[in-house]
Amino acid sequence: MEAEAAKAKFAAVKEKFGRDIRVFETSGVSSSPTQVSNDDERDDFYEFTAEDYYRMLATKKADKYLKTKKIREAEVAAHRSRITKTTIRVRFPDNHTLEVVFHPSEKIQSLYDLLSRMVAQPEVPFYVYTTPPKKQIKDMSQDFYSAGLIPGAIVYFSYDMPNQVDNEAVNSGPFLQEEVMSLKGLDVMPEPVEPIHTTPEPVTTAPPPVPQEPKAAGKKPVKPKWLKM
């Protein structure tokens, strides 16, 4: 009965939002929900050294000279055609994670549109970002492939309030609507597929060949020399 109830919830949410959605809790993502704000992590927290820069620059130069433009474009097209979906996990300040599957060619705007329908306070402006380093995702016209969010990625959610006090208040949660949160901890297991039993065809063996006795080679009788007719 529990499995049937879980299936019904998943089906209802999918019908409403048009997506397969999962919700689960990740412990230890943030120390306290109220501490997550626009400057929850300093931008200089993740240090990008000069050695890292020159290593990346050398790699790009090597790729540029070793491969022609047509070869690079062909490789990108081949790689892109092999990726048919991307799994995006949106982590909220209260340690809950929303998992949604998109097509790599869909725009980032589709993620924002979906979140605006799912969050508990859709009237409050918000943004998503990646780390490290902390980088706000602003270009809504990019697709997931061009943004590098394939074959999956973790992005972080934050409300965007100009006032620090208001920002801490809205970031105390809850973040997702009750209907979406009802999926927390639910997982629909795939139905077992019955194995197909096939009856093996009987193997017919040919009877062993009957050995044949070798025929004596016919010899012409030899007349002895001493015999004179």
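Contacts in the protein chain of this predicted model reach far along the sequence. Among contacts between residues at least 6 apart in sequence, 75% join residues at least 24 apart.

The secondary structure consists of six helices and six strands. Along the sequence, these elements follow the pattern α-β-α-α-β-β-α-β-β-β-α-α. The pattern opens with a helix and closes with two helices.

The protein chain has 229 residues, and 28% of them count as buried. The exposed surface of the chain comes to about 16,900 Å². Carbon and sulfur atoms supply 57% of that surface.

Most peptide bonds are trans. Cis bonds therefore deserve a separate mention. One cis peptide bond joins threonine 131 and proline 132, with omega at about -15°. Proline 132 lies in the loop between β4 (126-130) and β5 (135-136). Another cis bond runs from isoleucine 150 to proline 151. Here omega is near -5°. Proline 151 sits in the loop between β5 and β6 (152-159). Strand β5 thus borders both loops: the one with proline 132 and the one with proline 151.

Backbone angles also single out asparagine 95. Most residues other than glycine have a negative phi. Asparagine 95 is not glycine, yet its phi is positive, near 75°. The residue is placed in the loop between β2 (86-91) and β3 (96-102). Is asparagine 95 buried or exposed? Its relative accessible area is 14%. Buried means under 20%, so asparagine 95 counts as buried.

Methods: Residues are numbered from 1 along each chain as its sequence is written. This is a predicted model: local features need pLDDT of at least 70, side-chain atom pairs count only at pLDDT 80 or more; totals for chains, interfaces and linings use all residues. Side-chain values use heavy atoms; hydrogens and water are left out. Helices (H or I, at least four residues) and strands (E, at least two) are DSSP runs, numbered from the N terminus. Buried means under 20% relative accessible area, exposed over 50%, partly exposed in between (1.4 Å probe, protein chains only). Contact means heavy atoms within 4.5 Å. Accessible areas come from the Shrake-Rupley method with a 1.4 Å probe; for residues, only the protein chains shown count as cover.
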